[in-house]
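Biologist: Please show me the model, so that we may examine its helices, rings and loops in turn.

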Amino acid sequence: MNKPGNKSYFVWLMVVLTVIYIVDEIASAMNGSMQPYVLIDLFKVPDGNILSQEYAKAVATATLLSIPGYCFMFLTPFYKSLADRFGRKLFLILNTTIMGLGLLVSFLAPDYYIYVAGILMVTFVQTNDMQVMYIMETAPEQHRAKLCSITKAIALAGVSLIGVCRKLFYDPSVLSSWRKVFLIPALLGIFAGLGSIPFVRETPVFLNRKKKEEVKEKPASNGGVLPAFRYIFRNRQMRSICFAGFVFCLATGVTSYYTTITGAAVSTGALTEADLNLFMILYPFVNAFVTFFSGFFSDRLGRKKASVLLSGIAAVGLFVFVLGTRFGWSPLLIALGYGVFIGGLWSVSDTMILVMAGESTPTELRASVYGANGMISGIGMLMGIMVMVLGINLVGSDNVGLLSLVTTLPFILLAMVLLMKNVKETNGQDLNDVEVN
């Protein structure tokens, strides 16, 4: 392998990180994509009826069973801070491999307890986004957001593999056939994690920091959970970013139940199974398209203006998706709506929680702050999910689409107001020059 400064190494690195990003996105989307079929099978929902009270209870029970596991989120800052001490490479490999193993556990699960244990394995390491940190600390600063969005766009297009596997392997008459959809992504994750070992080296920003510490002959400042939280709450910029990000994450609950919305549309006759298959294959490409250009918007307009623009695009997409599933519009239009929605939504989330946070944090604390901020945003996401679960039991599965509008749009608007008012622009920041203050 070439040294990290060489162009050929950089190209190889981007290829490997893109493959890892594909694993990350597929693993992240798997539970939401297959949720109704898993619940119908493992909770024995009568006749597989998504509109039934039994299904609503299964959703509530599944969420309650998941909550104790989400306590592991409080370990995320401690786990992620280790990358400030031992480097980024180890955890890039470890996280990717664990994602694959988590999907394999869910594939083999005899009941929902084991299934959710596998999903929590994925969730725990997925929130670390080590491939994003690699890009942040390797790419030229003027192209940082573009490279993040390009690699993620390719990865999001790879999520269509779930739709393809669903079409090939899932049979509604065989309730356990959902397991087959998990197998290929599980093996891909394990092979990608272990196979990346000879192709990836430590990031230059981390190595430069270690060299400076050796020259100064002072003890290494290796981050840590307490210093990370102290930095977040004492630094006005990071405090504002974290609070705005927390509010924004309250708007993401609907993304865990979009298959309940489409499944309900099938149950009411608004959509057919063929429409649903087409939707599952197409929306990841729309998501990828929006994500691809989000980085160009971010580098050109700045992080804040791009976030406002993408939030507006996401709101329009959600309206199209909800109305389309309710009134039986073309699956092409519904896929366009949902793809635009999540493309805009997660691009803003990445910009605020990863890019702006990374550009506002010194290298010796960056991984630790990512972990602490990830826990804060994770709590916001969990609260958003609980609001959706409560709403499903109150209004029924057939009204989840309308519920999502009420629980999503106000939080997006409030988060953008907080971002524009309280957060300084970070575009063009040299990551080597961010100081603790």
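The questions and answers below concern this predicted model.

Biologist: How many disulfides does a search of the whole structure find?

Modeller: A disulfide needs two cysteine sulfur atoms within 2.5 Å. Cys249 is in no disulfide, and the nearest cysteine sulfur, that of Cys242, is 10 Å away. Over the whole structure, the number of disulfides found is zero.

Biologist: Is Cys249 buried or exposed, and at what relative accessibility?

Modeller: A residue is buried when its relative accessible area is under 20%. Cys165 meets this condition at 2%. Cys249 likewise counts as buried, its relative accessibility being 0%.

Biologist: How far apart are the end C-alpha atoms of helix H5, and what span should its 15 residues have?

Modeller: Helix H5 covers residues 112-126. At 1.5 Å a residue, its 15 residues should span 21 Å. The computed separation of the end C-alpha atoms agrees with that expectation, at 20 Å.

Biologist: Which residue has a side-chain oxygen that reaches a backbone nitrogen at the start of H5?

Modeller: The backbone nitrogen concerned is that of Tyr113. A side-chain oxygen comes to within 3.1 Å of this nitrogen, and that oxygen belongs to Asp111.

Biologist: Which residues does Tyr115 contact, leaving aside its neighbours within four places in sequence?

Modeller: Tyr115 is one of the buried residues of H5, a list that also includes Tyr112, Val116 and Ile119. In the largest nonpolar core, of 128 residues, Tyr115 is among those that touch the most other members, together with Trp178, Phe182, Phe279, Tyr283 and Phe321. Beyond its sequence neighbours, Tyr115 is in contact with Asn31, Val38, Leu42, Ser106, Ala109, Trp178 and Phe182.

Biologist: Which helix gives the most to the largest nonpolar core?

Modeller: The core has 128 residues. The helix that gives the most to this core contributes 19 residues and covers residues 7-42, namely H1.

Biologist: What kind of aromatic pair do Tyr258 and Phe279 form?

Modeller: A pair of aromatic rings is described by the distance of the centres and the angle of the planes. The count of aromatic pairs comes to 23. For Tyr258 and Phe279, the centres are 6.4 Å apart and the planes stand at 55°, so the pair is tilted.

Biologist: Which helices hold Tyr258 and Phe279?

Modeller: Both residues count as buried, Tyr258 at 3% relative accessibility and Phe279 at 3%. The pair links distant parts of the chain, with the two positions 21 residues apart in numbering. Tyr258 is in H13 (residues 258-268) and Phe279 in H14 (residues 273-301).

Biologist: Why are Tyr338 and Phe341 separated by about one helical turn?

Modeller: An α-helix has 3.6 residues a turn, so residues three or four places apart point the same way. Tyr338 and Phe341 are both buried, and they form a tilted aromatic pair with 6.1 Å between centres and 55° between planes. Their separation is about one turn because they are three residues apart in helix H16 (residues 331-358).

Biologist: Which residues form one aromatic cluster with Tyr338 and Phe341?

Modeller: Tyr338 and Phe341 pair with each other. The cluster that holds them also contains Tyr258, Phe279, Tyr283 and Phe321.

Biologist: Which backbone oxygen does the side chain of Thr255 reach?

Modeller: Thr255 lies in the loop between H12 (236-249) and H13, and it is buried at a relative accessible area of 14%. Not counting residues up to four places away in sequence, Thr255 touches Tyr338, Phe341, Ile342, Leu345 and Trp346. Its side chain reaches, at 2.6 Å, the backbone oxygen of Thr252.

Biologist: Which residues does Phe169 contact, leaving aside its neighbours within four places in sequence?

Modeller: Phe169 is found in H8 (residues 160-169). At 30% relative accessibility, Phe169 counts as partly exposed. Its contacts beyond the sequence neighbours are Ser177, Lys180, Val181 and Ile184.

Biologist: What is the phi of Lys44, and what is that of Asp47?

Modeller: Most residues other than glycine have a negative phi, and most peptide bonds are trans. Lys44 and Asp47 lie in the loop between H1 and H2. Lys44 is exposed at a relative accessible area of 59%, and Asp47 is exposed at 83%. Each has a positive phi: about 55° for Lys44 and near 60° for Asp47.

Key. Residues are numbered from 1 along each chain as its sequence is written. This is a predicted model: local features need pLDDT of at least 70, side-chain atom pairs count only at pLDDT 80 or more; totals for chains, interfaces and linings use all residues. Side-chain values use heavy atoms; hydrogens and water are left out. Buried means under 20% relative accessible area, exposed over 50%, partly exposed in between (1.4 Å probe, protein chains only). Helices (H or I, at least four residues) and strands (E, at least two) are DSSP runs, numbered from the N terminus. The expected span of a helix is 1.5 Å times one less than its number of residues. A polar contact is a pair of N or O atoms within 3.5 Å; within protein, one must be able to donate a hydrogen and the other to accept it, and residues adjacent in sequence count only if both atoms are side-chain atoms. Rings of Phe, Tyr and Trp (its six-membered ring) pair if their centres lie within 6.5 Å; planes under 30 degrees apart count as stacked, over 60 as edge-to-face and the rest as tilted. A nonpolar core is a set of buried Ala, Val, Leu, Ile, Met, Phe, Trp, Tyr and Cys residues joined through side-chain atoms within 4.5 Å. Contact means heavy atoms within 4.5 Å.
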